Amino acid sequence: MSGAERSHPWWYDAVVYQVYVRSFADAMPAPGDGIGDLPGITSRLPYLRELGVDALWITPFYTSPQKDHGYDVADYTDVDPLFGTLDDIDRLLETAHGLGLRVIVDLVPNHTSDQHAWFRAALAAAPGSKERARYIFRPGRGKDGAEPPNNWDSIFGGPAWTRVPDGEWYLHLFDTSQPDLDWRNPEVGDMFEGVLRFWLDRGVDGFRVDVAHGLYKEASLRDQVRPKKAKKSAESMVERVLNDEPMWDQPEVHDVYRRWREVLDSYPGDRMAVAEAWTQTAASMAMFIRPDELHQAFNFGWLGTPWSAEAFAEVVNDSIAAVAAAASAPTWVLSNHDVERHPTRYGGGPVGLARGRAATLAMLALPGSAYLYQGEELGLEQVDVPPEARQDPSWFRTGKPGRDGCRVPLPWSGDAPPYGFGGPAGTQPWIPQPADWAPLTVAAQDADPDSTLAFYKRALTARREVFAGADEETVAHVDGDVLVVRRAGVSVVLNAGTYPAALPEGEVLISSGPLPGGVLPPDTAAWIR
Ligand code: GLC
């Protein structure tokens with residue numbers, strides 16, 4: 001089927017590019033302040049068009065004290081002055097749409113900032129008040145209530161509860177500055193319906209739903225039964241002991257998404273939502289994308305897969321099977337602003353980069369949609385950010401490096417920081433850029449046909465030509481150390497082993513690296529027809 005004949009909505013097989021707003025491009029106040037912003041994004045939209053993606057997802061740009069870099073929202077319907085104004089987002093939407101790009105914005109419903117008007121009112125009000133009832137305030141345990149109400153930990157380290165001066169505790173599954181809302185209180189759902197409508201009215205094409213598996217906690221707020229041995233791991237979605245998680249993935253959360261689906265469907269133009277749901281199984285992930293709920297969910301199983309043909313094949317087949325019943329399409333993601341960049345995960349250096357390119361080429365051949373994270377098209381690796389420059393709230397709570405290393409501002413051009421990112425010449429942006437990034441800038445890679453950027457452009461073009469509208473069944477299997485995926489008459493092969501492998505017969509449409517002597521070298525993928 002050609003692209004023109006396709007019947008799926010745009011998001012079904014879109015390539016979506018994640019823009020981490022603080023680190024994409026800095027344009028204001030001119031010449032920039034070292035922090036990316038909305039006018040910066042608008043100025044670089046032609047780059048995304050040329051790269052060949054279908055949509056962008058922009059991380060939170062709402063009013064926020066920036067304790068978790070925007071995932072702590074103080075006002076859901078305004079733009080933080082750091083990033084621009086409502087006019088700037090209107091201009092961004094208009095420019096993007098003019099270029100044929102869709103725009104997904106981030107929605108953070110699990111918690112607000114402690115600077116949100118609701119939380120300030122809650123602190124000013126007494127225990128038992130209606131102001132406190134929008135959050136999860138509880139008396140403590142033990143003598144004088146000096147112990148937290150239960151044993152839950154914050155994702156960012158330390159207890160998930162903080163005590164306020166009158167002795168009550170409030171729940172925050174993330175930073176202290178991110179109090180969890182009580183979704184059992186109808187006021188909360190009503191507020192978020194208003195937020196959805198506000199942004200839909202402004203013309204956004206969809207939402208990325210932050211911590212979509214949070215929202216409801218088991219009503220008893222009972223202690224978590226801690227696993228004795230099994231550790232939380234995203235590595236295999238299949239065979240592992242499930243953790244006891246009274247704070248995540250409760251059945252009531254699905255009612256929220258049924259309500260949101262009705263709102264989204266009431267607008268013209270295939271508005272969509274994609275869940276960030278770190279569920280424990282592919283089956284529970286699929287619950288979020290039932291026909292009357294959200295449209296997509298990030299497939300973190302693919303991201304967590306170790307470098308193994310067998311593991312890749314298992315995730316491909318399981319992911320496709322899990323979403324089939326839900327009448328949705330799978331999603332594939334290798335990197336985002338919360339995880340170590342994938343070339344580094346795959347070993348770093350030339351091997352890590354070769355593997356990263358190979359995994360990307362395999363991913364772009366799979367059915368459904370692919371999410372790319374800014375900078376992966378430049379082959380950027382995780383940066384070892386010096387301790388004095390680290391800003392992730394989890395660093396302050398745990399003393400562990402955290403996520404700053406994947407959030408370093410993009411290098412666009414030039415030989416030295418800020419590499420065309422914006423900001424005064426000769427200064428470093430909000431997270432310092434490495435001194436050796438000159439060969440990795442967009443300008444440098446644009447001039448080199450063998451660059452990772454040139455490879456991404458070729459791969460995205462080939463994806464449109466080869467797979468647009470393809471609806472055939474996709475099956476993955478393993479041949480020795482080679483992952484083989486058959487789709488739309490094409491064999492997609494990825495050599496995860498240590499020896500060269502035979503290439504299937506046929507025309508090589510694209511490869512992630514050189515194919516010397518007509519064989520498939522280790523750490524290389526190709527599409528053959
Ligand atoms: C999500 C975001 C992450 C943020 C957290 C709390 O996991 O991706 O960046 O810190 O939610 O909002």
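## Close-up views of a predicted model

**View 1. A salt bridge joins Asp-523 and Arg-355.** The closest N and O atoms of Asp-523 and Arg-355 are 2.9 Å apart. The model shown here and in every other view is predicted. Between domain 1 and domain 3, the salt-bridge count is 1. Polar contacts between these two domains number 8 residue pairs, both residues being at pLDDT 80 or more.

**View 2. Helices line the side of domain 1 that touches domain 3.** Three elements give two or more residues each to this side: α9 (309-324), α11 (349-363) and α14 (452-467). The largest share, 8 residues, comes from α11. By type, the residues on this side of domain 1 are 18 nonpolar, 2 polar and 4 charged.

**View 3. Domain 1 meets domain 3.** The chain has three domains: domain 1 (10-111 + 186-460), domain 2 (117-171) and domain 3 (472-528). The C-alpha centres of domain 1 and domain 3 are 28 Å apart. In this view, 24 residues of domain 1 contact 22 residues of domain 3. About 1800 Å² is buried between the two domains. Carbon and sulfur atoms give 72% of that area. On the domain 1 side, Ala-309, Leu-361 and Ala-365 supply 28% of the area buried against domain 3. No other three residues supply more.

**View 4. Asp-68 sits in a loop and pairs with Arg-403.** The loop runs between β3 (62-63) and β4 (75-79). Asp-68 counts as buried because its relative accessibility is 5%, under the 20% cut-off. Its side chain makes a polar contact of 3.1 Å with the side chain of Arg-403. Leaving aside residues up to four places away in sequence, Asp-68 touches Phe-156, Gln-178, Pro-393 and Arg-403.

**View 5. Gln-66 has a positive phi.** Phi of Gln-66 is near 65°, in a residue other than glycine. Gln-66 lies in the loop between β3 and β4. With 13% relative accessibility, Gln-66 counts as buried.

**View 6. Two cis peptide bonds precede Pro-29 and Pro-31.** One joins Met-28 and Pro-29, with omega about -20°. The other joins Ala-30 and Pro-31, with omega about 0°. Pro-29 is in the loop between β1 (15-19) and α1 (38-43). Pro-31 is also placed between β1 and α1.

**View 7. Ala-488 lies in the loop between β15 and β16.** The strands on either side are β15 (482-487) and β16 (490-495). Phi of Ala-488 is near 50°, a positive value in a residue other than glycine. At 23% relative accessibility, Ala-488 counts as partly exposed.

Key
Residues numbered from 1 in each chain as written. Predicted model: local features only at pLDDT ≥ 70, side-chain atom pairs only at ≥ 80, totals over all residues. Heavy atoms only, no water. Domains from an automatic or database assignment. Contact = heavy atoms within 4.5 Å. Buried area = accessible area lost by both parts, 1.4 Å probe. Salt bridge = Lys/Arg side-chain N within 4 Å of Asp/Glu carboxyl O. Polar contact = N/O pair within 3.5 Å; in protein donor to acceptor, adjacent residues only side chain to side chain. Helix = DSSP H or I, 4+ residues; strand = E, 2+ residues; numbered from the N terminus. Nonpolar A, V, L, I, M, F, W, Y, C, P; charged D, E, K, R; others polar. Buried < 20%, exposed > 50% of the residue type's maximum accessible area, 1.4 Å probe, protein only.
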